[in-house]
Amino acid sequence: MLLWLFITLQIPKETEDGQDVMTMKGQVVTLLTVWELGVEGGNAWLTVGISAVSRQDPNSLFYTLASLYNASSTAEQKRLTVLVHLADSDLAWLQDTTAHISSLFSAQILAGQLLLIHAPPDAYPAVDGNQGAEAHDGKGYSKQNVDHAFLMSFATKLSDYFLLIGDDVFCAPNFVTHIYSKVTSLKPSPWALLEFSNVGVIGKFFHSRDLPLLAHFLLLFHREKPLDRLILHFRTLLVQENTILCRPFLFYHRLSHPTFDDKEDTVVQKKNLYGPSNPPASVFTDMIVSDAHFPWEAYTLDESFFWTNNTHIGNHLTVILNHPARLSRVQVMTGSLVEGKYALGKGQVELGYYPQGMPQDCASFELLGWLVEGQMDQELLQESVAYPVSCVRLVVKASQASGLMIRHIYLWEKNSTKEKTDQS
């Protein structure tokens with residue numbers, strides 16, 4: 001089974017007719033097509049592309065795939081192909097990752113809905129000069145650009161459209177249907193790039209017919225700019241001057257606060273030694289999302305915040321932890337810092353247990369406490385919380401037409417301070 005599942009991109013001495021080719025620094029890289037390996041392709045409406053590398057969290061890719069499939073109905077999955085480029089040269093990681101994916105997602109593999117590819121190190125362009133100097137100059141993103149060039153070139157003939165996400169992403173339910181509705185509503189207006197997230201490169205949506213040109217563009221300028229900037233520049237070359245940002249956002253980083261450098265698409269959450277720990281999580285809401293402030297900003301450890309308006313009874317903002325945690329304290333602050341304006345007039349905080357869907361929600365919630373003047377700061381006694389917490393939910397209990405500022409949701413894990421001290 002893995003013979004057709006795991007495809008290695010080769011550099012043959014001679015190219016054959018009917019194969020996709022890309023030229024890099026005088027080398028011709030030939031990309032095998034899925035039809036050559038007996039997998040039927042070209043019938044899907046959408047290909048979701050993921051370029052994955054080894055991470056500190058070895059399960060991030062598995063969580064992303066699980067979220068993707070749990071967020072898609074059976075009917076949606078029939079219109080969907082998932083293409084993963086395992087873009088790491090670590091052979092042990094490649095073997096372990098392939099084995100885990102084939103075990104966890106055998107149904108999708110057998111249905112031809114999940115494909116893995118890998119480009120060996122000698123398929124990559126040589127780095128001119130000193131590699132350390134390149135990293136110092138802020139050009140460590142070169143490999144990421146080439147990784148995605150391989151991914152996009154292979155995806156060209158798999159479907160009509162191509163969606164790029166990361167390997168550490170949480171997908172909103174029924175994202176395929178949401179995207180299909182948006183694409184349908186835009187006809188016949190021309191577009192080159194739709195964006196279903198406002199973070200980095202995730203949620204970028206293309207016509208598959210544009211992928212060969214984009215792949216060549218990434219290879220040509222792989223050392224010039226980070227991937228997200230190259231994609232935006234490519235969009236302007238296809239005569240789309242303005243960003244088309246589609247809401248609601250459908251894809252989020254599994255970690256809470258995205259801060260990017262030029263080397264890779266990573267997420268960093270800075271922590272105070274004795275302050276809140278805010279373990280890795282995703283943040284969701286059914287409140288109105290503005291152009292300036294987003295739900296995850298309520299969960300960061302800096303001064304950013306989430307802003308909304310016209311809230312109704314039952315509206316919520318929910319923090320879904322990547323892994324259940326034993327909490328010692330929960331603090332929720334709404335309203336401006338000085339005058340307390342735009343605080344939530346009536347609301348409550350709930351703790352959720354028994355994650356379901358990997359995880360999309362919690363099966364049960366219990367009341368932790370009510371907000372008083374828009375705030376709640378409560379310590380959790382060990383005997384009062386029998387199980388690790390998977391969700392923390394702020395719920396609106398009275399409609400509020402005016403603006404609402406959710407300044408922060410802070411969580412403290414039990415023994416977190418001691419662990420930080422031991423590590424310092």
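Which backbone oxygen lies 3.2 Å from a polar atom of the side chain of His-207? It is the backbone oxygen of Trp-191, as shown in the first of the following close-up views of this predicted model.

**Figure 1. Surroundings of His-207 in strand 10.** His-207 belongs to strand 10, which comprises residues 204-207. A polar atom of the His-207 side chain is placed 3.2 Å from the backbone oxygen of Trp-191. With residues up to four places away in sequence not counted, His-207 touches Asp-160, Tyr-161, Trp-191 and Ala-192. The relative accessibility of His-207 is 8%, so this residue counts as buried.

**Figure 2. Contacts of Val-183 in helix 8.** Helix 8 spans residues 175-186 and includes Val-183. Because its relative accessible area is 2%, under the 20% limit, Val-183 is classed as buried. Apart from neighbours within four places in sequence, the residues in contact with Val-183 are Trp-45, Tyr-161, Trp-191, Leu-194 and Phe-205. Phe-205 is 22 residues from Val-183 along the chain, and their C-alpha atoms are separated by 10.0 Å.

**Figure 3. Helix 4 and its N-terminal cap.** Helix 4 consists of 14 residues (residues 91-104); at 1.5 Å a residue it should span 20 Å, and the distance of 20 Å between its end C-alpha atoms agrees with this. The buried residues of helix 4 are Trp-93, Leu-94, Thr-97, Thr-98, Ile-101 and Ser-102. Viewed down the helix axis, these buried residues fall within an arc of 150 degrees and therefore line one face of helix 4. Exposed residues Ser-103 and Leu-104 are carried on the face turned away from the buried side. At the N-terminal end, Asp-90 acts as the cap, with a side-chain oxygen 3.0 Å from the backbone nitrogen of Ala-92.

**Figure 4. The cis peptide bond preceding Pro-188.** Most peptide bonds are trans. The bond from Lys-187 to Pro-188, in contrast, is cis, with omega near 0 degrees. Pro-188 is located in the loop that runs between helix 8 and strand 9 (193-195).

**Figure 5. Positive phi at Val-239 and Tyr-354.** A negative phi is found for most residues other than glycine. Val-239, which is not a glycine, has a positive phi of about 65 degrees. This residue is situated in the loop between helix 10 (227-237) and strand 11 (251-253), and its relative accessibility of 70% makes it exposed. Tyr-354, likewise not a glycine, has a positive phi of about 60 degrees. Tyr-354 lies within strand 16 (residues 347-356) and, at 47% relative accessibility, counts as partly exposed.

Notes. Residues are numbered from 1 along each chain as its sequence is written. This is a predicted model: local features need pLDDT of at least 70, side-chain atom pairs count only at pLDDT 80 or more; totals for chains, interfaces and linings use all residues. Side-chain values use heavy atoms; hydrogens and water are left out. Helices (H or I, at least four residues) and strands (E, at least two) are DSSP runs, numbered from the N terminus. The expected span of a helix is 1.5 Å times one less than its number of residues. Buried means under 20% relative accessible area, exposed over 50%, partly exposed in between (1.4 Å probe, protein chains only). The arc is that of the directions from the helix axis to the C-beta atoms. A polar contact is a pair of N or O atoms within 3.5 Å; within protein, one must be able to donate a hydrogen and the other to accept it, and residues adjacent in sequence count only if both atoms are side-chain atoms. Contact means heavy atoms within 4.5 Å.
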